[in-house]
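Me: Please take a close look at one part of this model, the disulfide bonding. Go through it step by step, and then turn to the surroundings.

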Amino acid sequence: KCANDCNGHGECVSMSTLAQNNLVNGVLTPFTYGTNPNDPLTWDSDQIFGCLCSEGYHGNQCELRSCPFGDDPHTQHQKNEVQQLSCSDSDDSGSGSFELTFRDQTANVQVTNTASDLESLLNA
């Protein structure tokens, strides 16, 4: 159903499945296509197919190899962004915690964690 069988670097899936796997900035989106069977605008949700590319590939037929992108951590003479996070244990029990979430990854942080512990959690 898909041209060139996604060049061996992806899976041929329906528009409905493609919508459910859509990422924006590395995060799954709440997009759907064809979930309402009575919607005349999406009757073709299981009739049209496209390639869901494997990690490291992109393009209509997964024919292109993805290159690294974003900030180069080896850039010299730049100022790295620093974010300060402060919290306190409201009842002094030492048992409080909170969650940090970024791009579908969540870290459970205990109030007793050190800066080193936090760094390890965020880089896991």
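Reply: A residue is called buried when its relative accessible area is under 20%, exposed when that area is over 50%, and partly exposed in between. The model is a predicted one. Cysteine 2 has a relative accessible area of 14%, so cysteine 2 counts as buried. Cysteine 12, its disulfide partner, has a relative accessible area of 25% and is therefore partly exposed.

The test for a bond is distance: two cysteine sulfur atoms within 2.5 Å are taken as a disulfide. By this rule there are three disulfides.

Start with the pair already named. The sulfur atoms of cysteine 2 and cysteine 12 are 2.0 Å apart, and the two residues form a disulfide. The angle about the S-S bond of cysteine 2 and cysteine 12 is 80°, and the link is right-handed. Cysteine 2 sits in the segment before strand 1 (10–14), while cysteine 12 is in strand 1, so this bond ties together parts that are 10 residues apart in sequence.

The next pair is cysteine 6 and cysteine 51, whose sulfur atoms are 2.1 Å apart in a disulfide. The torsion about the S-S bond of cysteine 6 and cysteine 51 is about -95°, so this disulfide is left-handed. Cysteine 6 lies in the segment before strand 1 and cysteine 51 in strand 4, so to speak distant parts of the chain, 45 residues apart. Both cysteine 6 and cysteine 51 are buried.

The remaining pair is cysteine 53 and cysteine 62, joined by a disulfide with an S to S distance of 2.2 Å. The torsion about the S-S bond of cysteine 53 and cysteine 62 is about -100°, and the disulfide is therefore left-handed. How accessible are the two ends? Cysteine 53 has a relative accessibility of 24%, so cysteine 53 counts as partly exposed. Cysteine 62 has a relative accessibility of 0%, so cysteine 62 counts as buried.

The pairing can also be written as a pattern. With bonded cysteines counted along the chain, the disulfides run 1-3, 2-4, 5-6. Cysteine 67 stands outside this pattern: cysteine 67 is in no disulfide, and the nearest cysteine sulfur, that of cysteine 53, is 14 Å away. Cysteine 67 has a relative accessible area of 59%, which is over the 50% cut-off, so cysteine 67 is exposed.

Now to the surroundings, beginning with a pocket. The second largest pocket holds about 600 Å³ of space. This pocket is lined by 20 residues, and Cys53 is among the closest to its centre, along with Leu23, Tyr57, His58 and Ser66. Strand 4 and strand 5 (57–58) are the elements that give two or more residues to this lining. Strand 4 gives the most, with three residues. Sorted by class, the lining of the second largest pocket has nine nonpolar, nine polar and two charged residues.

Strand 4 also marks one end of a loop, which starts after strand 3 (27–28) and runs up to strand 4 (49–53). Two residues of this loop can be described. Serine 45 is placed in the loop between strand 3 and strand 4. The relative accessible area of serine 45 is 6%, so serine 45 is buried. Serine 45 touches Ser14, Met15, Ser16, Tyr33 and Gly34, leaving out residues up to four places away in sequence. Threonine 29 lies in the loop between strand 3 and strand 4 as well. At 14% relative accessibility, threonine 29 counts as buried. Apart from its neighbours within four places in sequence, threonine 29 is in contact with Ala19, Asn22, Leu23 and Val24. Leu23 has already come up, as one of the residues closest to the centre of the second largest pocket.

For completeness, there is the largest pocket, with about 890 Å³ of space. Its lining is made of 28 residues, and those nearest its centre are Leu85, Leu100, Ala107, Leu118 and Leu122. Strand 7 (97–102), strand 8 (105–110) and helix 2 (115–123) each supply at least two residues of this lining. By class, the lining of the largest pocket divides into 13 nonpolar, 12 polar and three charged residues.

Conventions
Residues numbered from 1 in each chain as written. Predicted model: local features only at pLDDT ≥ 70, side-chain atom pairs only at ≥ 80, totals over all residues. Heavy atoms only, no water. Helix = DSSP H or I, 4+ residues; strand = E, 2+ residues; numbered from the N terminus. Buried < 20%, exposed > 50% of the residue type's maximum accessible area, 1.4 Å probe, protein only. Contact = heavy atoms within 4.5 Å. 1 Å grid on protein atoms, 1.4 Å probe; cavity = no way out; pocket = protein on both sides within 12 Å on 5 of 7 lines; lining within 4 Å. Points joined across faces, edges and corners; volume = space filled by probe spheres on them. Nonpolar A, V, L, I, M, F, W, Y, C, P; charged D, E, K, R; others polar.
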